[in-house]
Amino acid sequence: MIINNIFKYIHISKLTYFFILISFFMASFRLIFYIFFLIIIHELGHFLTAKVFNIELDKIYIYPLGGIAKFYIPYNYSRIKELIILVNGPMFQEIAKVILIYIFPQYTNIISTYHYGILLFNLLPISIRWRKNSKYIFIIFRTIQKIFKNININKLSNFINNLYN
């Protein structure tokens, strides 16, 4: 019932449809499938966690390189619960990555690269509310930015995959 309920909130951008169409012509639909599977599971993580905390969903926007889940969160809402909602998107995505690698082990490097790329992309839109009101979160965000600025995504992907093997 919850899954049926989510589809009325999903908005897929025209650019995303264009990427899917082009992927058919370029015979790379499998690659696009990996990206969108990770993105949708990521956003589903936010959605299900928000449902647990009785937060109402506004829309889920799906773009070629990520998604945005918008909720009606009261301004004075618990920071811990808000942080849990934020963190569960990447946690669900990590589970989805492991499942994809189990099903398609020959594409481990590609799936991992997309996974970490989406996670890095996800660090960009940390809400202004968190940045303005919490110096701690802003310091963490800046530190992560500095760390990942100097990391090669392929080397990171290979390193983390070697931990699983």
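In which sense do β1 and β2 pair, and over how many bridges? The close-ups below, taken from a predicted model, begin with that pairing.

**View A. The pairing of β1 with β2.** These two strands run in the parallel sense, and 3 bridges link β1 and β2. Look for Ile 10, which stands opposite Ile 60 in β2.

**View B. The hairpin of β2 and β3.** Here β2 (residues 56-63) and β3 (residues 66-72) run antiparallel, joined by 7 bridges. The hairpin connection from β2 to β3 takes 2 residues. Glu 56 is a good place to start tracing, as its bridge partner in β3 is Tyr 72.

**View C. The whole sheet.** Stepping back, we find an open sheet of 3 strands in the order β1-β2-β3, with mixed pairing. β1 (10-12) and β3 are the edge strands; each has a single partner strand, so one side of each is left without a neighbour in the sheet. On average, neighbouring strands of this sheet are turned by 15 degrees against each other, direction ignored.

**View D. The largest nonpolar core.** This core holds 24 residues, and those touching the most other members are Ile 39, Phe 47, Ile 55, Leu 57, Ile 60 and Phe 71. At least two core residues come from each of α3 (29-52), β2, α4 (79-103) and α5 (108-123). α3 gives the most, with 10 residues. As a general backdrop, nonpolar side chains tend to be buried together in soluble globular proteins.

**View E. The surroundings of Leu 57.** Leaving aside residues up to four places away in sequence, Leu 57 touches Tyr 9, Phe 47, Lys 70, Phe 71 and Tyr 72. Two of these names may be familiar from the core view: Phe 47 and Phe 71.

Key. Residues are numbered from 1 along each chain as its sequence is written. This is a predicted model: local features need pLDDT of at least 70, side-chain atom pairs count only at pLDDT 80 or more; totals for chains, interfaces and linings use all residues. Side-chain values use heavy atoms; hydrogens and water are left out. Two strands pair if DSSP finds at least two bridges between them. Helices (H or I, at least four residues) and strands (E, at least two) are DSSP runs, numbered from the N terminus. A nonpolar core is a set of buried Ala, Val, Leu, Ile, Met, Phe, Trp, Tyr and Cys residues joined through side-chain atoms within 4.5 Å. Buried means under 20% relative accessible area, exposed over 50%, partly exposed in between (1.4 Å probe, protein chains only). Contact means heavy atoms within 4.5 Å. Axes are lines fitted to C-alpha atoms, for helices over the stretch in contact, and angles run from 0 to 180 degrees between N-to-C directions.
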